[in-house]
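Please read the points below with the sequence and the model open beside you. They go through one part of the chain after another, and each can be checked by eye.

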Amino acid sequence: MRIDLHTHSTESDGTDTPAELVAAAAATGLTAVALTDHDTAAGWAEAAAALPPGLKLVRGAELSCASDDGRGRVITVHLLAYLYDHTSPALVEEQLRLRLERRHRLRRMAERMVDDGFPIDPDELMAAMPADAPAGRPHLAMALIRAGVVSTVDEAFAKYLTGGRYYVPRTDTPVARAIQMITEAGGVTVLAHPFATSRGPIVTDQVVADLADLGLAGVEVDHPDHDAGTRARLRGLAGELGLLTTGSSDYHGTNKTVRLGAETTSPDVLDALADRATGCKILVG
């Protein structure tokens, strides 16, 4: 069995629609795929309706959270939430806040670029996304590519979208609160790419241990942004803490070069996640 537990669709910052994503998952030979768009469950219904025969769909989301890094700084961490009740009032309210803040943030970044003469149109940028979509910096990166300013998403982030005069911060959900909300909604949580230093500052081992005490179920070990040494260190830490270990591609379609199913999760781990969840069930096509 081949299981990929971290993918994105056009409902956040991927380039495949939810229907296209599940079709691609089946064509790639996956037996299970998790749809984990940023701060939204909007793609669940479309993915479920288009689910190919035999493919399992794990409904989830990737939540942007704020955490102490264990060294006295507050940094962004990403939490994968699986099989939760997406109608939970606390979650609905918080995810709406995050999506609205993302849209406001993205427009402000685009407007700063326009002020400096960049050939992009903030109105067109925002109008191209569904009204309730969680706007992200990859959307602005793609606009810069279309305008001929950069050649790739990575170049856009390196030059313009990570820090500097165009960067606008956002107010993320405290990670402890996010774990609590997902748990109360019957879901389970996995810390996404926790030691991916290429993405910026990371948390210490002690922070991971503290999150485990709060109910964190697992850590994403096999991820394209973790090298072999990092994976070994994280797998050892997970063993010490009794955390599940997952593997995922973090697929974004053509917005990134990573292919669907590039990293996978063992069936036993998926079963363990499903056993702990009461919010919703895995769907089978």
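**Notes on the predicted model**

1. In this predicted model, the stretch covering residues 3–67 is 26% helix and 32% strand, and the C-alpha atoms at its two ends lie 28 Å apart. The same residues, 3–67, are covered by a UniProt annotation from an unreviewed entry, which reads "domain: Polymerase/histidinol phosphatase N-terminal"; that name comes from the record, and such annotations may be inferred rather than shown by experiment.

2. Two packed helices are described by the angle between their axes and the distance between the axes. For helix H5 (residues 137–146) and helix H6 (residues 153–161), the axes come within 9 Å and cross at roughly 105°. Because angles of 65 to 115 degrees count as roughly perpendicular, H5 is described as roughly perpendicular to H6.

3. It is worth finding the residues that make this contact. On the H5 side they are Arg 137, Pro 138, Leu 140, Ala 141, Met 142, Leu 144 and Ile 145, while H6 contributes Val 153, Ala 156, Phe 157, Tyr 160 and Leu 161. Sorted by class, the contact of H5 with H6 has 11 nonpolar residues, 1 charged residue and no polar ones.

4. Which residues lie nearest the centre of the largest pocket? They are His 78, Arg 137, Phe 157, Arg 199 and Lys 256, out of a lining of 50 residues. Two of these names, Arg 137 of H5 and Phe 157 of H6, also appear in the helix contact described above. The volume of the largest pocket is about 1500 Å³.

5. Several elements share in the lining of the largest pocket, since E3, strand E4 (74–82), H3, H5 and H6 each supply at least two residues. E4 gives the most, with 5 residues. By class, the lining of this pocket has 20 nonpolar, 18 polar and 12 charged residues.

6. A search of the whole structure also finds 1 cavity of 30 Å³ or more, and the space in the largest cavity is about 40 Å³. Its lining is made up of Leu 63, Cys 65, Leu 91, Glu 94, Gln 95, Leu 98, Thr 173, Ala 178 and Met 181, which by class gives 6 nonpolar, 2 polar and 1 charged residues.

7. Where does the lining of the largest cavity come from? Strand E3 (56–68), helix H3 (89–115) and helix H7 (175–184) each supply at least two of its residues, and the largest share, 4 residues, comes from H3.

Definitions and conventions
Residues numbered from 1 in each chain as written. Predicted model: local features only at pLDDT ≥ 70, side-chain atom pairs only at ≥ 80, totals over all residues. Heavy atoms only, no water. Axes fitted to C-alpha atoms, helices over the stretch in contact; angles between N-to-C directions. Parallel < 35°, antiparallel > 145°, perpendicular 65-115°, else oblique. Contact = heavy atoms within 4.5 Å. Nonpolar A, V, L, I, M, F, W, Y, C, P; charged D, E, K, R; others polar. 1 Å grid on protein atoms, 1.4 Å probe; cavity = no way out; pocket = protein on both sides within 12 Å on 5 of 7 lines; lining within 4 Å. Points joined across faces, edges and corners; volume = space filled by probe spheres on them.
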